[in-house]
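Visitor: I'm new to reading structures from coordinates. Could you walk me through one, feature by feature?

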Amino acid sequence: TLFPYTTLFRSNDFLPTGALPVPEGDQIIPLVNQLQKKFELIVATQDWHPKNHESFAVFHGREPGEIITLHGIEQVLWPVHCVQKSFGAQLAVGLETNSIERVFQKGINPEVDSYSGFFDNEHQNDTGLASYLVEKGVSELFIVGLALDYCVKFTALDARQCGLNTSLIVDGTRGVNIDASDSVKAVKEMSEAGVNIVQSLDLLTV
């Protein structure tokens, strides 16, 4: 059975050896490669930050993990990561990319972060993903990738707001977990917003 929908992934800098490491982030790659065979349409998102992005802690002389107010909204400060044209910004080593139909870049505006694959954190600009899915006739979205408690969560929440039937393949993702409970809270928040929480076996055995 092929699912006529789509799935998302991330970049080298989110792997354990990257600039913004997600613990065990590399462990999902074989599973994501296996899952790709079950989908007709696959897209990816890619952080594509200018080197002076204001979400970078060094820009403020602060430490990663600190929280500030940036242009009126709360901003977690991050290590320099996924800088445009860098190795760290490339889709993860080991990820099969031949089936990816399109890559949507985000976080390009240096003044605002962009966790979601759909919109920046202020919801002022979009990546084009929503209109692309409408154009392709997609009404249902399955999400995998990194990191569960930030980009995956906000992508899923925005997908629901866009009216998509959205599923999180929960074993196909991992969290940053600045706080140990962040991933658990993220899954709960997504579930309460109407995101279906599924396991890869739910798809692979069909």
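Guide: Happy to. Helices and strands here are DSSP runs, at least four residues for a helix and at least two for a strand, numbered from the N terminus. Keep in mind that this is a predicted model.

Visitor: Let's try a helix, then. What comes after H4?

Guide: Glycine 163 follows H4, and its phi is positive, near 85°.

Visitor: What span should the 14 residues of H4 have, and how far apart are its end C-alpha atoms?

Guide: Count 1.5 Å a residue, and helix H4, residues 148–161, should span 20 Å. Its end C-alpha atoms sit 18 Å apart, which agrees.

Visitor: Next, surroundings. How many residues of H4 are buried?

Guide: The cut-off you need is that buried means under 20% relative accessible area. By that rule 11 of the 14 residues of H4 are buried, so the helix is largely enclosed by the rest of the structure. Among them are Leu148, Tyr150, Cys151, Val152 and Leu157, but also Asp149, Lys153 and Asp158.

Visitor: What covers the buried residues of H4?

Guide: The cover includes four strands, S3 (73–76), S4 (100–106), S5 (140–146) and S6 (165–174), along with helix H5 (182–192).

Visitor: How many residues of H1 are buried, and what covers them?

Guide: Six of its eight residues are buried, so H1 is also largely enclosed by the rest of the structure. Those residues are Ile29, Leu31, Val32, Asn33, Leu35 and Gln36. Their cover includes S1, S4, S5, S6 and helix H6 (200–204).

Visitor: Now for empty space. What does rolling a probe over the atoms show?

Guide: A probe the size of a water molecule, rolled over the atoms, shows where empty space is left. In this model, the largest pocket holds about 400 Å³ of space. S3, H4 and H5 each give two or more residues to its lining.

Visitor: Which element gives the largest share of that lining?

Guide: H4 does, with five residues. The lining has 21 residues altogether, and the ones nearest the pocket's centre are Tyr115, Asp149, Tyr150, Lys153 and Phe154. By character, the lining divides into eight nonpolar, five polar and eight charged residues.

Visitor: And enclosed spaces: how many cavities of 30 Å³ or more does the structure hold?

Guide: Three. The largest cavity has a volume of about 110 Å³. Its lining is made of 15 residues, with Phe14, Leu20, Trp78, Tyr115 and Cys151 nearest its centre. Here the split is eight nonpolar, four polar and three charged.

Visitor: On to charged pairs. How many salt bridges turn up in a search of the whole structure?

Guide: Five. One of them joins arginine 174 to glutamate 24, with the closest N and O atoms 3.3 Å apart. Arginine 174 lies in strand S6 and glutamate 24 in the segment before helix H1 (29–36), so this pair ties together parts 150 residues apart in sequence.

Visitor: What are the relative accessible areas of arginine 174 and glutamate 24?

Guide: Arginine 174 is partly exposed at 22%, and glutamate 24 is partly exposed at 42%.

Visitor: Take another pair. Are lysine 106 and aspartate 47 buried or exposed?

Guide: Lysine 106 counts as buried, at 2% relative accessibility, and aspartate 47 is buried too, at 3%. Their side chains meet in a salt bridge of 2.7 Å, N to O. Since lysine 106 lies in strand S4 and aspartate 47 in strand S1 (residues 42–47), the pair ties together parts that are 59 residues apart in sequence.

Visitor: Which residue forms a salt bridge with glutamate 66?

Guide: Arginine 62, with the closest N and O atoms 2.7 Å apart. Glutamate 66 is partly exposed, with a relative accessible area of 27%, and arginine 62 is partly exposed at 37%.

Visitor: One last residue. Where is lysine 51 found?

Guide: In the loop between S1 and helix H2 (57–60). Lysine 51 is exposed, with a relative accessible area of 73%. Set aside its neighbours within four places in sequence, and it is in contact with Phe56 and Val83.

Visitor: What separates the C-alpha atoms of lysine 51 and alanine 159?

Guide: A distance of 28 Å, for two residues that are 108 residues apart along the chain. Alanine 159 brings us back to H4, where it is one of the buried residues.

Notes
Residues are numbered from 1 along each chain as its sequence is written. This is a predicted model: local features need pLDDT of at least 70, side-chain atom pairs count only at pLDDT 80 or more; totals for chains, interfaces and linings use all residues. Side-chain values use heavy atoms; hydrogens and water are left out. The expected span of a helix is 1.5 Å times one less than its number of residues. Buried means under 20% relative accessible area, exposed over 50%, partly exposed in between (1.4 Å probe, protein chains only). Contact means heavy atoms within 4.5 Å. On a 1 Å grid over the protein atoms alone, a cavity is a set of points where a 1.4 Å probe fits but cannot get out, and a pocket is an open set with protein on both sides within 12 Å along at least five of seven lines; lining residues have an atom within 4 Å of a point. Grid points are joined across faces, edges and corners, and a volume is the space filled by probe spheres set on the points. Ala, Val, Leu, Ile, Met, Phe, Trp, Tyr, Cys and Pro count as nonpolar, Asp, Glu, Lys and Arg as charged, and the others, Gly among them, as polar. A salt bridge is a side-chain nitrogen of Lys or Arg within 4 Å of a carboxyl oxygen of Asp or Glu.
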